[in-house]
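Work through the three exercises below with the model open beside the text. Each task is followed by a solution that proceeds step by step.

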Amino acid sequence: MDAKIVVNDIRKHFGSGAAALPVVGGVSLSIADGEFVAIVGPSGCGKSTLMKIISGFEQPDSGAVIIDGQPALRPSPKGIVISQHGSVFPWLTVQQNLMFGLNGNGHGDKAALADHYAAMVGLKGFENAYPRELSGGMLKRVELARALVVKPEILYMDEPFSALDALMNLRMRTELLRILAEERHTVLLITHDVEEALYLADRILVLSARPTTIQATFEVRHAHPRKLSSPALQQLKEAILAELGL
Ligand SMILES: Nc1ncnc2c1ncn2[C@@H]1O[C@H](COP(=O)(O)OP(=O)(O)OP(=O)(O)O)[C@@H](O)[C@H]1O
Ligand SMILES: [Mg+2]
(Lines give C-alpha, C1' and ligand atoms only; values in the text may rest on other atoms or scores of the structure.)
(Ligands and ions follow the chains in the order given, each with its own letter.)
Protein backbone atom coordinates (compact mmCIF):
# COMPACT_ATOMS: atom_id res chain seq x y z
CA MET A 1 0.00 0.00 0.00
CA ASP A 2 1.11 3.56 -0.68
CA ALA A 3 1.90 5.91 2.16
CA LYS A 4 -0.97 8.30 2.73
CA ILE A 5 0.77 10.23 5.48
CA VAL A 6 4.50 10.53 6.05
CA VAL A 7 5.74 12.25 9.20
CA ASN A 8 9.38 13.15 9.03
CA ASP A 9 11.26 13.89 12.26
CA ILE A 10 8.74 16.34 13.74
CA ARG A 11 9.90 18.48 16.68
CA LYS A 12 7.87 21.06 18.57
CA HIS A 13 8.23 23.17 21.68
CA PHE A 14 6.04 25.84 23.26
CA GLY A 15 7.26 29.01 25.00
CA SER A 16 10.78 30.39 24.93
CA GLY A 17 13.92 30.87 27.03
CA ALA A 18 13.86 29.28 30.46
CA ALA A 19 10.12 28.64 30.06
CA ALA A 20 10.55 26.66 26.82
CA LEU A 21 8.59 23.42 26.95
CA PRO A 22 9.77 20.74 24.55
CA VAL A 23 6.68 18.71 23.61
CA VAL A 24 7.43 16.63 20.52
CA GLY A 25 10.96 15.29 20.45
CA GLY A 26 11.45 13.84 17.00
CA VAL A 27 8.63 11.69 15.63
CA SER A 28 8.76 9.90 12.28
CA LEU A 29 6.12 7.56 10.92
CA SER A 30 4.40 6.46 7.77
CA ILE A 31 0.70 5.63 7.56
CA ALA A 32 -0.59 3.59 4.63
CA ASP A 33 -3.71 4.49 2.67
CA GLY A 34 -6.65 2.94 4.52
CA GLU A 35 -4.61 2.08 7.59
CA PHE A 36 -5.96 2.58 11.12
CA VAL A 37 -3.24 3.77 13.50
CA ALA A 38 -3.88 4.32 17.20
CA ILE A 39 -1.69 6.38 19.51
CA VAL A 40 -1.50 5.82 23.26
CA GLY A 41 0.77 7.58 25.73
CA PRO A 42 0.91 9.26 29.12
CA SER A 43 -1.32 12.27 29.78
CA GLY A 44 0.28 15.52 28.68
CA CYS A 45 3.00 13.80 26.65
CA GLY A 46 2.12 15.65 23.46
CA LYS A 47 -0.40 13.40 21.68
CA SER A 48 -2.86 16.16 20.80
CA THR A 49 -0.01 18.45 19.76
CA LEU A 50 1.35 15.75 17.45
CA MET A 51 -2.10 15.23 15.92
CA LYS A 52 -2.57 18.98 15.46
CA ILE A 53 0.74 19.10 13.60
CA ILE A 54 -0.11 16.11 11.39
CA SER A 55 -3.57 17.54 10.61
CA GLY A 56 -2.01 20.92 9.78
CA PHE A 57 -3.45 22.98 12.66
CA GLU A 58 -0.04 23.54 14.29
CA GLN A 59 3.32 24.06 12.65
CA PRO A 60 6.34 22.03 13.81
CA ASP A 61 9.66 23.71 14.70
CA SER A 62 11.34 21.33 12.30
CA GLY A 63 10.49 18.27 10.28
CA ALA A 64 7.71 17.82 7.77
CA VAL A 65 4.35 16.19 7.20
CA ILE A 66 3.72 14.84 3.70
CA ILE A 67 0.21 13.86 2.63
CA ASP A 68 -0.24 12.11 -0.72
CA GLY A 69 3.29 13.15 -1.61
CA GLN A 70 2.68 16.87 -0.93
CA PRO A 71 4.00 18.86 2.05
CA ALA A 72 1.04 19.58 4.37
CA LEU A 73 1.45 23.12 5.63
CA ARG A 74 -2.15 23.85 6.60
CA PRO A 75 -5.37 21.96 7.35
CA SER A 76 -6.47 20.13 4.21
CA PRO A 77 -10.02 19.32 3.09
CA LYS A 78 -8.81 15.72 2.82
CA GLY A 79 -8.80 15.41 6.59
CA ILE A 80 -11.40 15.91 9.29
CA VAL A 81 -10.66 16.24 13.01
CA ILE A 82 -12.88 14.98 15.80
CA SER A 83 -11.38 16.84 18.73
CA GLN A 84 -11.20 16.10 22.43
CA HIS A 85 -13.51 19.05 23.09
CA GLY A 86 -16.33 18.53 20.62
CA SER A 87 -17.50 20.84 17.89
CA VAL A 88 -21.25 20.44 17.39
CA PHE A 89 -23.06 23.78 16.91
CA PRO A 90 -25.63 24.04 19.73
CA TRP A 91 -27.92 26.38 17.77
CA LEU A 92 -28.34 23.99 14.83
CA THR A 93 -30.40 20.81 14.66
CA VAL A 94 -28.75 17.44 14.03
CA GLN A 95 -29.62 17.67 10.34
CA GLN A 96 -28.37 21.26 10.08
CA ASN A 97 -25.14 20.33 11.86
CA LEU A 98 -24.56 17.53 9.35
CA MET A 99 -25.39 19.79 6.39
CA PHE A 100 -23.06 22.53 7.60
CA GLY A 101 -19.87 21.28 5.97
CA LEU A 102 -21.51 20.28 2.69
CA ASN A 103 -21.24 22.54 -0.28
CA GLY A 104 -22.58 22.21 -3.79
CA ASN A 105 -25.80 20.23 -4.36
CA GLY A 106 -29.27 21.52 -3.63
CA HIS A 107 -30.80 21.78 -0.18
CA GLY A 108 -32.83 18.59 -0.75
CA ASP A 109 -29.75 16.54 -1.66
CA LYS A 110 -27.80 17.85 1.32
CA ALA A 111 -30.66 17.10 3.68
CA ALA A 112 -30.95 13.58 2.30
CA LEU A 113 -27.22 12.99 2.71
CA ALA A 114 -27.33 14.39 6.27
CA ASP A 115 -30.23 12.09 7.13
CA HIS A 116 -28.41 9.10 5.64
CA TYR A 117 -25.43 9.70 7.93
CA ALA A 118 -27.64 10.42 10.93
CA ALA A 119 -29.24 7.01 10.36
CA MET A 120 -25.83 5.40 9.94
CA VAL A 121 -24.84 6.39 13.47
CA GLY A 122 -28.21 5.42 14.89
CA LEU A 123 -29.82 8.87 15.11
CA LYS A 124 -32.78 8.22 12.83
CA GLY A 125 -35.75 10.14 14.18
CA PHE A 126 -33.53 12.79 15.80
CA GLU A 127 -32.71 14.77 12.64
CA ASN A 128 -34.64 17.79 13.89
CA ALA A 129 -33.51 17.62 17.51
CA TYR A 130 -31.14 20.22 18.95
CA PRO A 131 -27.91 19.15 20.68
CA ARG A 132 -29.32 20.13 24.11
CA GLU A 133 -32.05 17.52 23.59
CA LEU A 134 -29.52 14.70 23.09
CA SER A 135 -27.58 12.53 25.50
CA GLY A 136 -23.78 12.68 25.67
CA GLY A 137 -23.49 9.50 23.64
CA MET A 138 -25.86 10.81 20.98
CA LEU A 139 -23.83 14.02 20.78
CA LYS A 140 -20.69 12.01 20.14
CA ARG A 141 -22.50 10.20 17.36
CA VAL A 142 -23.45 13.55 15.82
CA GLU A 143 -19.74 14.43 15.90
CA LEU A 144 -18.86 11.20 14.15
CA ALA A 145 -21.60 11.63 11.53
CA ARG A 146 -20.57 15.23 10.96
CA ALA A 147 -17.04 14.10 10.23
CA LEU A 148 -18.09 11.23 7.97
CA VAL A 149 -20.70 13.10 5.93
CA VAL A 150 -18.01 15.08 4.11
CA LYS A 151 -16.34 11.78 3.15
CA PRO A 152 -12.87 12.68 4.40
CA GLU A 153 -9.93 10.65 3.17
CA ILE A 154 -8.35 10.96 6.61
CA LEU A 155 -10.12 10.87 9.94
CA TYR A 156 -8.20 12.36 12.87
CA MET A 157 -9.79 11.43 16.20
CA ASP A 158 -8.53 12.77 19.52
CA GLU A 159 -10.08 10.69 22.32
CA PRO A 160 -13.48 10.80 20.59
CA PHE A 161 -15.22 8.42 22.98
CA SER A 162 -13.48 9.15 26.26
CA ALA A 163 -16.37 11.15 27.73
CA LEU A 164 -18.77 8.25 27.19
CA ASP A 165 -19.73 5.59 29.67
CA ALA A 166 -18.28 2.12 29.15
CA LEU A 167 -21.35 0.70 27.42
CA MET A 168 -21.70 3.59 24.97
CA ASN A 169 -17.96 3.45 24.35
CA LEU A 170 -18.31 -0.19 23.28
CA ARG A 171 -21.25 0.63 21.03
CA MET A 172 -19.36 3.47 19.35
CA ARG A 173 -16.39 1.21 18.66
CA THR A 174 -18.62 -1.32 16.94
CA GLU A 175 -20.39 1.44 15.04
CA LEU A 176 -17.11 2.89 13.85
CA LEU A 177 -15.85 -0.48 12.63
CA ARG A 178 -19.07 -1.08 10.74
CA ILE A 179 -18.82 2.32 9.05
CA LEU A 180 -15.13 1.83 8.21
CA ALA A 181 -15.97 -1.51 6.62
CA GLU A 182 -18.45 0.32 4.37
CA GLU A 183 -16.37 3.42 3.64
CA ARG A 184 -12.66 3.02 3.97
CA HIS A 185 -10.83 5.93 5.57
CA THR A 186 -7.28 6.37 6.78
CA VAL A 187 -7.60 6.85 10.53
CA LEU A 188 -5.37 8.29 13.21
CA LEU A 189 -6.88 7.80 16.67
CA ILE A 190 -5.59 9.05 20.01
CA THR A 191 -6.93 7.12 22.95
CA HIS A 192 -6.00 6.43 26.56
CA ASP A 193 -7.90 3.15 26.33
CA VAL A 194 -5.56 0.32 25.32
CA GLU A 195 -8.48 -2.04 24.71
CA GLU A 196 -10.12 0.47 22.39
CA ALA A 197 -6.87 0.68 20.43
CA LEU A 198 -6.58 -3.13 20.32
CA TYR A 199 -10.17 -3.48 19.17
CA LEU A 200 -9.88 -0.96 16.34
CA ALA A 201 -6.36 -0.39 15.09
CA ASP A 202 -4.05 -2.08 12.59
CA ARG A 203 -1.08 -0.62 14.42
CA ILE A 204 -0.61 0.89 17.89
CA LEU A 205 2.08 3.43 18.69
CA VAL A 206 3.09 3.91 22.31
CA LEU A 207 4.44 7.40 22.88
CA SER A 208 6.96 8.30 25.57
CA ALA A 209 6.60 11.07 28.15
CA ARG A 210 7.24 14.65 27.01
CA PRO A 211 9.12 15.53 24.82
CA THR A 212 7.38 12.66 23.16
CA THR A 213 8.88 10.12 20.78
CA ILE A 214 7.60 6.77 19.53
CA GLN A 215 8.65 4.39 22.26
CA ALA A 216 7.20 1.19 20.81
CA THR A 217 5.08 -0.01 17.90
CA PHE A 218 2.67 -2.96 17.94
CA GLU A 219 1.07 -4.47 14.85
CA VAL A 220 -2.40 -5.92 15.45
CA ARG A 221 -2.93 -8.51 12.74
CA HIS A 222 -6.23 -9.92 13.96
CA ALA A 223 -9.38 -10.03 11.85
CA HIS A 224 -12.47 -8.07 12.90
CA PRO A 225 -14.56 -8.38 14.97
CA ARG A 226 -11.87 -8.99 17.56
CA LYS A 227 -12.31 -10.84 20.79
CA LEU A 228 -10.34 -8.91 23.38
CA SER A 229 -10.38 -11.88 25.72
CA SER A 230 -8.37 -13.98 23.26
CA PRO A 231 -4.96 -14.98 24.65
CA ALA A 232 -3.07 -13.28 21.79
CA LEU A 233 -4.79 -9.93 22.33
CA GLN A 234 -4.45 -10.20 26.10
CA GLN A 235 -0.73 -10.74 25.62
CA LEU A 236 -0.50 -7.69 23.36
CA LYS A 237 -2.42 -5.68 25.93
CA GLU A 238 0.01 -6.63 28.66
CA ALA A 239 2.97 -5.75 26.48
CA ILE A 240 1.47 -2.32 25.73
CA LEU A 241 0.62 -1.68 29.39
CA ALA A 242 4.18 -2.64 30.29
CA GLU A 243 5.46 -0.04 27.80
CA LEU A 244 3.22 2.49 29.54
CA GLY A 245 4.76 1.52 32.85
CA LEU A 246 1.61 -0.14 34.20
N1 LIG B 1 -0.78 25.98 22.54
C2 LIG B 1 -0.01 25.61 23.58
N3 LIG B 1 0.75 26.51 24.24
C4 LIG B 1 1.54 26.14 25.26
N5 LIG B 1 1.64 24.89 25.73
C6 LIG B 1 0.90 23.96 25.14
C7 LIG B 1 0.03 24.26 24.05
N8 LIG B 1 -0.58 23.12 23.65
C9 LIG B 1 -0.13 22.15 24.46
N10 LIG B 1 0.76 22.65 25.36
C11 LIG B 1 1.50 21.87 26.38
O12 LIG B 1 2.09 20.79 25.71
C13 LIG B 1 2.04 19.61 26.52
C14 LIG B 1 1.38 18.50 25.73
O15 LIG B 1 0.02 18.83 25.51
P16 LIG B 1 -0.94 17.89 24.65
O17 LIG B 1 -2.29 18.48 24.68
O18 LIG B 1 -0.31 17.65 23.34
O19 LIG B 1 -0.85 16.55 25.52
P20 LIG B 1 -1.71 15.21 25.41
O21 LIG B 1 -0.73 14.09 25.34
O22 LIG B 1 -2.72 15.33 24.34
O23 LIG B 1 -2.42 15.17 26.84
P24 LIG B 1 -3.83 14.49 27.27
O25 LIG B 1 -3.59 13.02 27.31
O26 LIG B 1 -4.05 15.03 28.64
O27 LIG B 1 -4.85 14.92 26.29
C28 LIG B 1 1.30 19.99 27.79
O29 LIG B 1 2.26 20.24 28.79
C30 LIG B 1 0.59 21.28 27.42
O31 LIG B 1 0.49 22.14 28.53
MG1 LIG C 1 -4.78 15.38 24.32
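A polar contact is a pair of N or O atoms within 3.5 Å; within protein, one of the two must be able to donate a hydrogen and the other to accept it, and residues adjacent in sequence count only if both atoms are side-chain atoms. This is a predicted model, in which local features need pLDDT of at least 70 and side-chain atom pairs count only at pLDDT 80 or more, while totals for chains, interfaces and linings use all residues. Residues are numbered from 1 along each chain as its sequence is written, chains are lettered from A and ligands numbered from 1 in the order in which they are written, and side-chain values use heavy atoms, with hydrogens and water left out.

**Exercise 1. Describe the surroundings of ligand 1.**

Step 1: begin with the polar contacts. An N or O atom in the side chain of S43 is 2.8 Å from an oxygen atom of ligand 1, a backbone N or O atom of G44 also lies 2.8 Å from an oxygen atom of the ligand, and for a backbone N or O atom of G46 the distance is 3.0 Å. Of the 640 Å² that ligand 1 exposes when taken alone, the protein buries 62% (accessible areas by the Shrake-Rupley method with a 1.4 Å probe).

Step 2: widen the view to the shell, whose members have a heavy atom within 4 Å of the ligand. It holds 13 residues, with S43, G44, K47, S48 and T49 the closest.

Step 3: assign the shell to elements (DSSP runs, H or I of at least four residues for helices and E of at least two for strands). Strand 2 (21–32) and helix 1 (47–54) each supply at least two residues, and the largest share, three residues, comes from helix 1.

**Exercise 2. Locate the salt bridge between E153 and K4.**

Step 1: apply the criterion, a side-chain nitrogen of Lys or Arg within 4 Å of a carboxyl oxygen of Asp or Glu. The structure holds 12 such pairs, and in the one formed by E153 and K4 the N to O distance is 2.4 Å.

Step 2: place the partners. E153 belongs to the loop between helix 4 (136–148) and strand 7 (154–158), whereas K4 is in strand 1 (residues 3–14), so that the pair links distant parts of the chain, 149 residues apart.

**Exercise 3. Which peptide bonds, ending at P211 and at P225, are cis or trans?**

Step 1: recall that most peptide bonds are trans.

Step 2: read omega. The bond from R210 to P211 is cis, with omega near -10°, and the bond from H224 to P225 is likewise cis, with omega near -5°.

Step 3: P211 lies in the loop between strand 9 (203–207) and strand 10 (214–219), and P225 in the loop between strand 10 and helix 7 (231–243).
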